[in-house]
Amino acid sequence: GVFIQDSRNPGQIVTYTSQFGEFRLQDGFPIFELSNGQRLELQQGGQASATLNFQSHTLDISQKGNASSKRFTDANEESILDLMDESKSVDSRFFSQRLAMAHYRLAAPLQAISLVALACAILLIGRVSRANILRRIGITTIFGIGLQAAMIPARGLMIETPASWPILYLVCIIPAVVSVYALVHPQTTAQLIARFLSRQKSAQS
């Protein structure tokens, strides 16, 4: 999703939210192509004066007016503390999105740690041979993609229900804890995997 706050026009703030956005140059000027979104005009005091839903909208982001006019602020440029401050949200309806973005940034280091722990656990536990190394790499890739994909619905859930923010962290923490346990207790983990595989084989036969 894309969230843009345009405050170049004194006395008026325009916010854009859209599902998709693309940055490109048109006749030498930078523009944003926005799709499936909403344009909201806010007067001083935060009162909405006009709302427009659009399927496609072109936003000229070249500097307008005098040099002292403010450049619009993209939420991606704001700090985590600013994103978590409701008073800095131009509209309370967008605060849950800003809060989800802040927690997503905070969870990013945990996600990186979890990916490393997963890779180490899958690649190092048990007997490693040429015959199974490619399979282990494939399993590592699948689990890594799965972990990153799980962050997307967790973030979406938080936008709908802000109180669900712990889920965003649990998605990263649980795989890391399981992987660390497997590395600390490799024999126990190998036995559990062997039992699981034997049950799978017996169930198939």
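**Exercise 1. The largest nonpolar core**

Task: In this predicted model, find which residues make up the largest nonpolar core, and work out which elements supply them.

Solution. Start with the members. The largest nonpolar core has nine residues: Ala107, Leu118, Leu147, Met151, Ala154, Leu168, Tyr169, Val171 and Cys172. Next, sort them by element. Helix H2 (95-124), helix H3 (130-160) and helix H4 (165-184) are the elements that each give two or more residues to this core. Helix H4 gives the most, with four residues.

Now zoom in on one member, Leu168. Ignoring neighbours within four places in sequence, Leu168 is in contact with Ala100, His103, Tyr104, Ala107, Met151, Ala154 and Arg155. Before moving on, note that there's also a second, separate core of eight residues, which includes Ile4, Tyr16, Leu34 and Phe54.

**Exercise 2. A ring pair in H4**

Task: Find the aromatic pair and say what geometry it has. Then decide whether each partner is buried, partly exposed or exposed.

Solution. The count comes to one aromatic pair. Trp165 and Tyr169 form that pair, edge-to-face, with 5.8 Å centre to centre and 85° between the planes. As for where they sit, both lie in helix H4, four residues apart, which is about one turn of the helix.

Then check the accessibility of each ring. Tyr169 has 13% relative accessibility, so Tyr169 counts as buried. Trp165 counts as partly exposed because its relative accessibility is 40%. Tyr169 is also a name you've met before: it belongs to the largest nonpolar core.

**Exercise 3. A charge over a ring, and a salt bridge**

Task: Find which residue lies over the face of Tyr104, then say how many salt bridges the structure holds.

Solution. Take the ring first. Arg155 lies over the face of Tyr104, at 4.9 Å from the ring centre. You've seen both residues already, since Tyr104 and Arg155 are among the contacts of Leu168.

On to the salt bridge. The structure holds one. Its partners are Arg39 and Glu41, with the closest N and O atoms 2.5 Å apart. Are these two buried or exposed? Both Arg39 and Glu41 are buried.

**Exercise 4. The S1–S2 hairpin**

Task: Describe how strand S1 pairs with strand S2, and pick out which residues stand opposite Phe3 and Ile4.

Solution. Begin with the strand itself. S1 covers residues 2-6 and is mostly covered, with four of its five residues buried. S1 is joined to strand S2 (residues 12-26) by five bridges, and the two strands run antiparallel.

Next, read off the partners. Phe3 stands opposite Thr17 in S2, and the bridge partner of Ile4 in S2 is Tyr16. Ile4 and Tyr16 also both belong to the second core. What about side-chain direction? In a regular strand, side chains alternate between the two faces of the sheet.

Finally, look at the connection. The hairpin has five residues between its strands, and Gly11 there takes a positive phi near 85°.

**Exercise 5. Arg24 and Asn36**

Task: Place Arg24 and Asn36 in their strands and classify their accessibility.

Solution. Arg24 lies in strand S2. Its relative accessible area is 31%, so Arg24 is partly exposed. Leaving out residues up to four places away in sequence, Arg24 touches Phe29, Pro30, Ile31 and Glu33.

Asn36 has its place in strand S3 (residues 29-43). Its backbone is worth a look: Asn36 isn't a glycine, yet it has a positive phi of about 55°. With a relative accessible area of 41%, Asn36 is partly exposed.

**Exercise 6. Stepping back**

Task: Give the order of the elements, then find how far apart Val180 and Ser114 are in sequence and in space.

Solution. First count: the protein has five helices and five strands. From the N terminus on, they run β-β-β-β-β-α-α-α-α-α. Of the 205 residues, 34% count as buried.

Now for long range. Among contacts with a separation of 6 or more, 50% come from residues 24 or more positions apart. For a pair to look at, try Val180 and Ser114: they are 66 residues apart in sequence and 9.2 Å apart in space, C-alpha to C-alpha. Val180 lies in helix H4, and its relative accessible area of 43% is why Val180 counts as partly exposed.

Key:
Residues numbered from 1 in each chain as written. Predicted model: local features only at pLDDT ≥ 70, side-chain atom pairs only at ≥ 80, totals over all residues. Heavy atoms only, no water. Core = buried A, V, L, I, M, F, W, Y, C linked by side-chain atoms within 4.5 Å. Buried < 20%, exposed > 50% of the residue type's maximum accessible area, 1.4 Å probe, protein only. Contact = heavy atoms within 4.5 Å. Pairing = 2+ DSSP bridges. Salt bridge = Lys/Arg side-chain N within 4 Å of Asp/Glu carboxyl O. Phe/Tyr/Trp six-rings, centres within 6.5 Å; stacked < 30°, edge-to-face > 60°. Lys NZ or Arg CZ within 6 Å of the ring centre and 35° of its normal.
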